[in-house]
Amino acid sequence: MASVLSYESLVHAVAGAVGSVTAMTVFFPLDTARLRLQDAFHQIIRDEGISALWNGTFPSLLLVFNPAIQFMFYEGLKRQLLKKRMKLSSLDVFIIGAVAKAIATTVTYPLQTVQSILRFGRHRLNPENRTLGSLRNILYLLHQRVRRFGIMGLYKGLEAKLLQTVLTAALMFLVYEKLTAATFTVMGLKRAHQH
């Protein structure tokens, strides 16, 4: 437990947070444009009821696999490159961050598609299961999407999502690595994660 709550862990947490804030700030206009296209809360409640605000919650919870996959590939690619080099360049970090996020986004995008369908109410519920966002309904919606649009229907809009998330993640990892390295240098500490 002491190693989890160490100064080094704090440095990683702060560097990760600053990297995320930087990336989110730089690419926030993409999110603003997305939000302006959505309906207002009061209109959703008026037209569909208050429970509609939670449409897509279950797929959202399943989407925790996205950052898990992202970090797994990021750390794996980083370790592979560090076997060949002593140090990673900024471009290396940016590219492996982008690749890791691209993989995570592509793998989890069908769930994001279902989440969007549920959020915007453009679906017919599985007649056997009226619970929005249940696992059975998610599978039903995925099946209906494939029947209607083919397998590529699960990936409709992926290009725009990749543009936003890949650039954001790549910049976040770059800032994270640079800030962590600078902090350890200033504090005179050796990095424990030199592979």
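L10 is partly exposed, with a relative accessible area of 47%; partly exposed lies between buried, under 20%, and exposed, over 50% (1.4 Å probe, protein chains only). L10 sits in helix 1.

This is a predicted model: local features need pLDDT of at least 70, side-chain atom pairs count only at pLDDT 80 or more, and totals for chains, interfaces and linings use all residues. Residues are numbered from 1 along each chain as its sequence is written, and side-chain values use heavy atoms, without hydrogens and water.

**Surface patch.** L10 joins Y7, V14, V18, V186 and M187 in a nonpolar surface patch of about 550 Å². Patch residues have over 30% relative accessible area and no salt bridge, with nonpolar side chains joined within 5 Å. A salt bridge puts a Lys or Arg side-chain nitrogen within 4 Å of an Asp or Glu carboxyl oxygen. Helix 1 (7-36) and helix 7 (158-187) each give two or more residues to the patch. Helix 1 gives the most, four residues.

**Cores.** A nonpolar core is a set of buried nonpolar residues (Ala, Val, Leu, Ile, Met, Phe, Trp, Tyr, Cys) joined through side-chain atoms within 4.5 Å.

| Core | Size | Members include |
|---|---|---|
| Largest core | 14 residues | Y74, L88, V93, I96, L171, F173 |
| Another core | nine residues | L111, V114, I138, L141 |

The six residues named for the largest core touch the most other members. Helix 1, helix 4 (65-84), helix 5 (90-119) and helix 7 each supply two or more residues to this core. Helix 7 has the largest share, five residues. The other core lies apart from it.

V93 touches Y74, L88, F173, L174 and E177, leaving out residues up to four places away in sequence. Contact means heavy atoms within 4.5 Å.

Notes: Patch = residues over 30% accessible without salt bridge, like charges linked within 9 Å, V, L, I, M, F, W, Y side chains within 5 Å. Areas by Shrake-Rupley, 256 points an atom, 1.4 Å probe, with all protein chains shown as cover.
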